[in-house]
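Me: Please choose one part of this structure and look at it closely, then follow the chain outwards from there. Explain each term when it comes up.

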Amino acid sequence: MLSPVLLLLSFFSIAQLKSPEDFLGYKIGSRYTPHWKIVSYFQYVAQTAAATVKLQQYGETNEHRPLYLAFISSPENTSNLESIRVNNLRLANIAKDKMMPSETAPVIVWLSYNVHGNETSSSEAAMLTLFALVDPKNVQTKEWLKNTVVIIDPCINPDGRDRYVNWFNSVVGSSYDPSTDAREHREPWPGGRTNHYNFDLNRDWAWQTQVESRQRMIQYNQWMPQVHVDYHEQGINSPYYFAPAAQPFHEAVTQWQRDFQVTIGKNHAKYFDKNGWLYFTKEIFDLFYPSYGDTYPIYNGAIGMTYEQGGGPAGGLGAETGEGDTLTLYDRAIHHYTTSLSTIEVSSLNAAALIKEFRKFFNNAVSGMIGEYKTYVIKNNPADAERISSLLKLLDKNAIEYGTGSGNGKGFNYSTGKEDAFTIATGDIIVNAAQPKATMVKVLFEPQSKLVDSITYDITSWALPYVYGLTAYASKQSINTGAGILHDTVRNVSTDAYGYVIRWQGTSSARAVVQLLKQGVKLRFSERPFEINGQSFARGSVIIIKKGNEKFSNTLWQMVSKACNESNIRMNAITTGMVDKGYDLGSAKVHPMKVMKVALLTGEGVGSNAAGEVWYFFEKELGYPVTLINANDFSRVKWNDIDVMILPDGNYRFLSDKTSSDQFTQWIRNGGHVVALESAVAQLSKQDWSVVHLRKDDEKDTIGKKDPYLLLKSFENREKDEIPATTPGSVFKVDIDNSHPLMYGYPNYYYTLKMDNTIYDFIKEDGWNAGVIKKDNQVSGFVGFKLKKKLKDGLVFGVQDMGRGSVTYLSDNVLFRNFWENGKLMFCNAVFMVGQ
Ligand SMILES: [Zn+2]
């Protein structure tokens with residue numbers, strides 16, 4: 001209880017509460033507000049209006065900018081925030097205390113601004129929204145806050161925002177130039193959309209590969225809002241977009257969630273109509289892929305929505321639209337501010353219904369009413385240990401429950417695509433669908449998500465057993481989960497031995513191995529399986545013996561055990577170099593492993609997300625140095641300093657320059673190794689030296705011949721007519737030659753995420769068909785019917801030997817958004833094993 005004097009003082013200071021304009025010294029929209037100033041304003045308001053605003057720092061970005069959440073509600077709610085939070089988790093059946101919740105609870109509305117850094121107007125709007133909620137003169141918002149807790153994340157992606165804002169401020173004149181030809185409307189590579197590592201944070205909600213998402217989702221799962229809005233911007237000529245969303249909806253989206261999106265949309269329309277603003281609904285922005293800022297909240301029981309203002313990266317402070325109007329940052333911010341308040345208003349007016357339906361969502365979840373499959377069983381194959389461990393981390397991040405089990409059952413076998421019998425063994429993982437996160441379980445595990453034949457914004461398959469390359473069953477029987485899985489921590493104790501062997505099975509073993517390489521430890525790997533001391537080792541197993549490592553004398557084994565312990569993998573002692581089966585360790589079939597100096601082409605012309613995926617993988621997952629070289633500097637490369645050059649998805653002009661491309665091929669012939677991904681493969685395939693050739697599209701020639709009327713298309717169906725020849729990201733089973741170094745550590749198949757219709761002819765000579773699609777091998781996701789016929793009997797992954805060097809062709813993205821876990825080892829093989 002505050003003393004009367006203090007109370008009076010605090011009332012006085014609130015009455016003086018500065019608007020963003022008063023605080024910043026300029027009107028919102030007239031300048032860009034850098035992130036630190038947005039933070040300053042939030043800190044100022046939290047200090048001045050402490051009774052109604054709590055500010056919490058929840059993390060830090062790669063570039064060390066702070067991440068904040070502001071909690072705004074009535075003084076009464078604000079002083080009870082923690083009990084509101086706990087009660088809300090009880091409503092969701094997530095609270096560990098299992099106590100009955102109160103259903104007369106405030107509704108929680110979470111507003112996330114500026115996830116795409118160069119969609120800048122929303123963080124400006126966040127300051128206006130905060131002020132409107134706290135401004136003592138605004139009686140209306142005080143009414144709403146009686147039954148509403150508003151959570152504001154003023155900027156999800158500060159590094160991206162400041163990259164844009166700092167650049168814009170450096171190129172704009174004393175007043176802005178509305179001509180869209182002006183340089184201030186042409187953002188340079190890589191743009192501010194993504195985070196530091198060029199990751200799109202609005203694709204990362206479920207996977208949480210990035211530090212911003214990981215830290216935010218810890219908070220999200222502790223709060224579980226009833227309403228969530230993700231603020232964006234789109235092309236400058238598009239009117240404002242708000243809910244209801246577009247088809248396809250995932251079938252897991254409930255009728256209430258669909259209906260309430262309409263309620264919210266109508267409330268927004270009221271304000272937009274009053275101001276004469278244009279808007280659209282029900283188009284483009286679908287609800288399917290689970291890792292967006294609208295779908296993820298939906299699959300977690302909230303009304304999740306995307307709002308899109310026109311303007312986007314090209315808008316600057318003001319820009320001329322196609323209709324000849326000037327759209328300003330102020331306009332854009334005001335629109336987002338309007339939908340912010342309208343969302344809070346409509347949520348407050350419907351608070352009781354939102355809470356009731358939220359409760360129902362989670363009661364249905366725990367009673368096993370969600371989805372046709374009741375249990376998912378993941379077999380604990382020893383060779384899958386690293387990928388299983390990664391999967392469990394993903395389930396933990398999403399608060400999905402799992403455990404062990406026993407007994408027999410029947411279910412959809414992800415490998416065979418058929419209904420098969422299974423026996424649950426010790427260590428197998430059981431995920432029962434009856435749990436609070438039942439909808440997430442369904443969406444992430446179901447073998448085939450239902451999708452009407454429609455255009456979608458993103459990939460259509462992400463079933464986890466394919467992503468992680470695991471043996472698994474989806475069963476319609478409910479199998480109870482028993483004891484929890486123990487995450488065992490490997491503690492290797494090194495004793496003196498002839499040597500040690502590290503199994504090559506995933507990112508963790510690769511990380512341990514490259515840490516040792518980096519420190520100058522001499523390593524070898526076997527191209528054949530072998531058995532020693534009763535232990536069997538697969539191809540690619542890495543061997544460390546004392547020979548060649550004399551300089552480390554008695555610290556060698558400590559270095560090995562440290563590297564293995566840090567990666568949580570086992571080092572296996574051997575007492576002899578003479579094998580029981582296979583080739584002895586002194587054989588020529590056991591190769592020394594070279595320290596690879598790796599370069600990555602990046603910059604203008606290269607796909608920024610693709611380059612970012614490789615950059616991030618080396619820095620954050622492997623901990624191995626990589627030199628980033630701008631593709632435009634190709635002619636200045638010091639070739640002697642590079643062993644491996646990585647060409648991510650991109651457009652490589654040097655290939656059409658005779659001098660540069662001659663240097664390139666000369667370097668390969670002298671022992672250089674190229675790893676080409678996605679479209680880089682297509683470009684290399686056009687070089688006269690390449691043994692890989694793009695499959696010719698024969699569909700176009702035959703389509704009119706069979707039925708001439710097929711050529712007649714209706715104008716209004718123009719978007720749909722594209723569908724038969726597209727694959728918006730679906731899963732194919734690839735047959736692989738796992739005797740080739742590119743495929744060490746894999747069984748004889750791999751599930752690939754196919755993003756386009758590209759496929760190559762089998763290599764006829766001077767190369768290896770390491771991964772091919774044979775007949776009818778699509779296992780999940782949506783593929784247009786024309787494409788289905790085409791995507792067979794072709795090459796996806798191949799290697800060309802060239803002089804003393806090699807070119808590895810990875811035509812599908814094996815590092816997709818860094819969550820396609822099973823592709824990462826193939827990438828490591830391409831860099832560290834191929835051509836050794
Ligand atoms: Zn966006």
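Reply:

**Around glutamate 621**

Glutamate 621 counts as buried because its relative accessibility is 18%, the limit for buried being under 20% relative accessible area, with exposed over 50% and partly exposed in between (1.4 Å probe, protein chains only). The model is predicted, so local features need pLDDT of at least 70 and side-chain atom pairs count only at pLDDT 80 or more, while totals for chains, interfaces and linings use all residues. Residues are numbered from 1 along each chain as its sequence is written, and side-chain values use heavy atoms, without hydrogens or water.

Glutamate 621 belongs to helix α19. Helices and strands here are DSSP runs numbered from the N terminus (H or I and at least four residues for a helix, E and at least two for a strand). Which two side chains make polar contacts with the side chain of glutamate 621? One is asparagine 818, at 3.2 Å, and the other is lysine 824, at 2.9 Å. A polar contact is a pair of N or O atoms within 3.5 Å, one able to donate a hydrogen and the other to accept it; residues adjacent in sequence count only if both atoms are side-chain atoms. Apart from residues up to four places away in sequence, glutamate 621 touches Thr507, Arg511, Tyr616, Asn818 and Lys824, where contact means heavy atoms within 4.5 Å.

**The pocket that α19 helps to line**

Helix α19 (608-622) gives two or more residues to the lining of the largest pocket, as do α14 (385-397), α17 (507-518) and α18 (556-567). A pocket is an open set of points on a 1 Å grid where a 1.4 Å probe fits, with protein on both sides within 12 Å along at least five of seven lines; lining residues have an atom within 4 Å of a point. The full lining holds 44 residues, and Glu386, Ser389, Ser390, Lys393 and Ser508 lie nearest the centre of the pocket. The most from any element comes from α14, which supplies nine residues.

**From lysine 824 to the strands**

Lysine 824, one of the polar partners of glutamate 621, has the number at which α24 (824-832) begins. The loop between β34 (805-810) and α24 holds aspartate 812. Aspartate 812 has a relative accessible area of 2% and is therefore buried. Glycine 823 comes 11 residues away along the chain from aspartate 812, and their C-alpha atoms are 9.6 Å apart. Beyond four places in sequence, aspartate 812 touches Leu677, Glu678, Thr752, Leu753, Lys754, Val796 and Phe797.

Lys754 leads to a set of paired strands, for it sits in β30, opposite serine 730. Strand β30 (residues 749-754) runs antiparallel to β29 over six bridges; two strands pair if DSSP finds at least two bridges between them. Strand β29 (residues 730-736) has six of its seven residues buried. Two bridges also join β29 to β32 (residues 778-780), again in the antiparallel sense, and here valine 731 faces serine 780. With β31 (residues 767-773), β29 makes two bridges and runs antiparallel, and isoleucine 736 has glycine 771 as its partner there.

**A parallel pair elsewhere in the chain**

For contrast, strands β5 (residues 227-234) and β10 run parallel, joined by eight bridges. One bridge sets histidine 232 against glutamate 308 in β10. In β10 (residues 303-310), eight of its eight residues are buried. Ile303, Met305, Tyr307 and Gln309 point one way from this strand, while Gly304, Thr306, Glu308 and Gly310 point the other way.

Is serine 340 buried or exposed? At 0% relative accessibility it is buried. Serine 340 lies in helix α12 (residues 329-349), and its contacts beyond four places in sequence are Leu111, Tyr113, Thr129 and Tyr231.

The loop between α9 and β5 contains methionine 224, which has a positive phi of about 45° although it is not a glycine. Methionine 224 is buried because its relative accessible area is 0%. Glutamine 208, in the loop between α8 and α9, also is not a glycine and has a positive phi of about 50°. The loop between α8 (158-171) and α9 (211-223) holds proline 190 as well, and the peptide bond from tryptophan 189 to proline 190 is cis, with omega near -5°.
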